[in-house]
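Me: I am new to this structure and should be grateful for a close look at a single part of it. Please take the sheet, together with what packs against it and the side-chain pairs around it.

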Amino acid sequence: MGLSMAHAQITNDITHDEAFKVLLAAKKNAEASEVLANIAVVDAGANLKAFIRMDESFLGSIDVAIKKAKTARYFNIDTGELGELTQPGGIIYNIEHSNDGLITFPGGIPIKNKEGKIIGAIGVSGGTIEQDRAIAIDGATAIIE
């Protein structure tokens, strides 16, 4: 196998240009909403691809944003929707204790390409869960507009 094949990127993975486009669209929404957010973008393998901690944002939200993005990618679902299934009596109650900790409240959204394939995910933390979700959706949809 040649060197170029050993380093070939899988075709359903977010590129760094796409990751920055997602990140900057989310940051623009956060600024317009006056939310001091941490914004994480992970690739198709749930590895951190891009991240920003806005000035004065909560330090504790760094980990939350990254885990929201990873959770959205691990299960290919809006983390808020996943959270509905994890409540006491839910079909996957306590799943948030798996995978070194998941976040099962809104703010994590899978990112799809123009063909509808999931290529990564975004996680946002710093505002209300409604604000985090709206910021994440803006970012996630930026590359298909």
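Reply: The following account begins with the sheet, moves to one residue within it, and ends with the salt bridges.

This is a predicted model, in which local features need pLDDT of at least 70, side-chain atom pairs count only at pLDDT 80 or more, and totals for chains, interfaces and linings use all residues. Residues are numbered from 1 along each chain as its sequence is written, and side-chain values use heavy atoms, with hydrogens and water left out.

The sheet is open and is formed by 4 strands in the order 2-1-4-3, with antiparallel pairing. Strands (E, at least two residues) and helices (H or I, at least four) are DSSP runs, numbered from the N terminus. Two strands count as paired if DSSP finds at least two bridges between them. Strand 2 (48–53) and strand 3 stand at the edges with a single partner strand each, so one side of each has no neighbour in the sheet. On average, neighbouring strands are turned by 15° against each other, direction ignored. Such angles run from 0 to 180 degrees between N-to-C directions, and the axes are lines fitted to C-alpha atoms, for helices over the stretch in contact.

At one edge, strand 3 is joined to strand 4 (residues 118–125) by 5 bridges, and the two run antiparallel. In this pairing, Gly108 stands opposite Gly123 in strand 4. Helix 2 packs on the sheet, where it touches strand 1 (38–43), strand 2, strand 3 and strand 4, and its direction makes about 25° with that of strand 2. Helix 3 lies across strand 1, strand 2, strand 3 and strand 4, and runs at about 150° to strand 4.

Within strand 3 (residues 108–112) lies Pro110. Pro110 has a relative accessible area of 14% and is therefore buried; buried means under 20%, exposed over 50%, and partly exposed in between (1.4 Å probe, protein chains only). Apart from neighbours within four places in sequence, Pro110 is in contact (heavy atoms within 4.5 Å) with Ala72, Asn76, Ile77, Asp78, Ile118, Gly120, Ala121 and Ala140. The C-alpha atoms of Pro110 and Phe75 are separated by 8.9 Å, although the two residues are 35 places apart along the chain.

Asp78, one of the contacts of Pro110, also takes part in a salt bridge with Arg133 (3.1 Å, N to O). This pair links distant parts of the chain, with Arg133 in helix 5 (residues 129–141) and Asp78 in the loop between helix 3 and helix 4 (79–85), 55 residues apart. Asp78 counts as buried because its relative accessibility is 10%, whereas Arg133, at 27%, counts as partly exposed.

A salt bridge is a side-chain nitrogen of Lys or Arg within 4 Å of a carboxyl oxygen of Asp or Glu, and by this rule the count comes to 4. Among them is a pair in helix 3, Asp63 and Lys67, at 3.2 Å, N to O. Both residues lie in helix 3 (residues 60–75), 4 residues apart, about one turn of the helix. Asp63 is partly exposed at 40%, and Lys67 is partly exposed at 22%.

Helix 2 (residues 16–32) also holds such a pair, Glu31 and Lys27, 4 residues apart, about one turn of the helix. Their side chains meet at 2.8 Å, N to O. Glu31 has 41% relative accessibility and so counts as partly exposed; Lys27, at 24%, also counts as partly exposed.
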